[in-house]
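Hi everyone, thanks for making room for me today. I'd like to walk you through one protein, going from the overall picture to a few single residues. Please have a look at it before I start.

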Amino acid sequence: MENTTKYKLASSLKKILLKKDIDKITINEIVKGANVNRQTFYYHFKDIYDLIEWIYTNEIIKELKIIDIFNDWEKSCEFTLNYILKNKNFIRKTYKISSLENFIYSQIYEQIYKKETEKTNIDKDIDFMARFYSHAFIGIIGDWIKNEMKESPEQIMKSISKIINDK
């Protein structure tokens with residue numbers, strides 16, 4: 001029951017975001033769309049931003065934990081890009097105010113660091129390289145979102161894979 005209510009609130013927020021920006025949305029609008037009372041919202045979430053974090057955690061992060069992100073970074077990135085495309089409006093309006101950017105950064109960093117550490121015992125430049133690629137990927141995603149996601153996830157993955165795999 002608890003998750004059902006959370007999903008109702010999440011769905012309500014996403015529907016409202018089709019018409020309004022996040023800073024113009026009220027708790028009353030969300031609870032009305034979810035057919036619950038205001039107190040129910042506060043039982044589950046402290047504010048709208050907490051609801052956004054819950055949505056990302058349950059729709060992206062939980063799924064990425066199922067995918068073996070450390071052994072299949074391409075599949076993880078492709079899932080993330082496809083999620084972003086499928087939820088285009090929600091992402092565009094919440095990406096910069098959520099922790100999704102930080103989560104994606106940390107996952108990419110860990111993957112690259114692990115991959116490079118396995119290749120060599122020299123730890124000197126691995127941290128810099130992992131940070132560089134992580135920031136680059138976040139920049140690519142941010143630009144892609146800002147530019148209305150015109151490229152397909154497959155095109156982006158092909159370019160990223162080419163660079164990371166040095167092919």
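I'll begin with the whole chain, then go to the core, then to two helix pairs, and finish with a few individual residues.

One thing to keep in mind from the start: this is a predicted model.

So, what is the protein built from? It has nine helices and zero strands. If you read along the sequence, the pattern is simply α-α-α-α-α-α-α-α-α. There are 167 residues, and 43% of them are buried. The accessible surface comes to about 10,000 Å², and carbon and sulfur atoms account for 53% of that.

Now, how do distant parts of the sequence come together? Take the contacts between residues that are at least 6 apart in sequence: 65% of those join residues at least 24 apart. Please hold on to that figure, as we'll meet some examples later.

Next, the core. In soluble globular proteins, nonpolar side chains tend to be buried together. Here, the largest nonpolar core has 45 residues. Which of them touch the most other members? They are L9, L13, I30, L51, F90 and I91. Several helices contribute: α1, α2, α4, α5, α6, α7, α8 and α9 each supply at least two residues of this core. The helix that gives the most is α4, with seven residues. If you want to find α4 on your screen, look at residues 48-66.

Let's zoom in on I30, one of those well-connected core members. What does I30 touch, if we don't count residues up to four places away in sequence? The list is L9, S12, L13, I16, I25, F41, I48 and L51. You'll recognise L9, L13 and L51 from the core group I named a moment ago.

On to the helix pairs. Two packed helices are described by the angle between their axes and the distance between the axes.

My first pair is α7 and α8. You'll find α7 at 100-119 and α8 at 126-146. They pack at an angle of about 140°, with their axes 8 Å apart. Because of that angle, α7 is oblique to α8. Their crossing is right-handed. Quite a few residues meet here: the α7 side includes I104, Y105, I108 and I112, and the α8 side includes M129, R131, S134 and I138.

One residue in this pair shows the meeting nicely, and that is Y105, which sits in helix α7. Setting aside neighbours within four places in sequence, Y105 is in contact with R131, S134, H135 and I138. Y105 and R131 are 26 residues apart in sequence, and their C-alpha atoms are 8.4 Å apart in space.

The second pair is α8 and α9, with α9 running over 153-164. How far apart are the axes of α8 and α9? They are 12 Å apart, and the helices pack at an angle of about 160°. That angle is why α8 counts as roughly antiparallel to α9. Again, α8 passes α9 in a right-handed crossing. From α8 we have Y133, F137, I140 and W144, and they meet P153, I156, I160 and I163 in α9.

Finally, some single residues.

T5 is found in helix α1. Is T5 buried or exposed? T5 is buried, because its relative accessible area is 8%, and the cut-off for buried is under 20%. Leaving aside neighbours within four places in sequence, the contacts of T5 are V36, T40 and H44.

Two more residues make a good contrast. N35 has a positive phi of about 60° although it is not a glycine. M149 is not a glycine either, and has a positive phi of about 55°. N35 is in the loop between α2 and α3, while M149 is in the loop between α8 and α9. N35 is exposed, with a relative accessible area of 71%, whereas M149 is buried, at 5%.

My last stop is K96, in the loop between α6 and α7. K96 is exposed, with a relative accessible area of 65%. K96 and G142 are 46 residues apart in sequence, yet 8.7 Å apart in space, C-alpha to C-alpha.

That's my tour. Thanks for listening, and I'm happy to take questions!

How values were computed:
Residues numbered from 1 in each chain as written. Predicted model: local features only at pLDDT ≥ 70, side-chain atom pairs only at ≥ 80, totals over all residues. Heavy atoms only, no water. Helix = DSSP H or I, 4+ residues; strand = E, 2+ residues; numbered from the N terminus. Buried < 20%, exposed > 50% of the residue type's maximum accessible area, 1.4 Å probe, protein only. Contact = heavy atoms within 4.5 Å. Areas by Shrake-Rupley, 256 points an atom, 1.4 Å probe, with all protein chains shown as cover. Core = buried A, V, L, I, M, F, W, Y, C linked by side-chain atoms within 4.5 Å. Axes fitted to C-alpha atoms, helices over the stretch in contact; angles between N-to-C directions. Parallel < 35°, antiparallel > 145°, perpendicular 65-115°, else oblique. Left-handed = near helix turned anticlockwise from the far one by under 90°.
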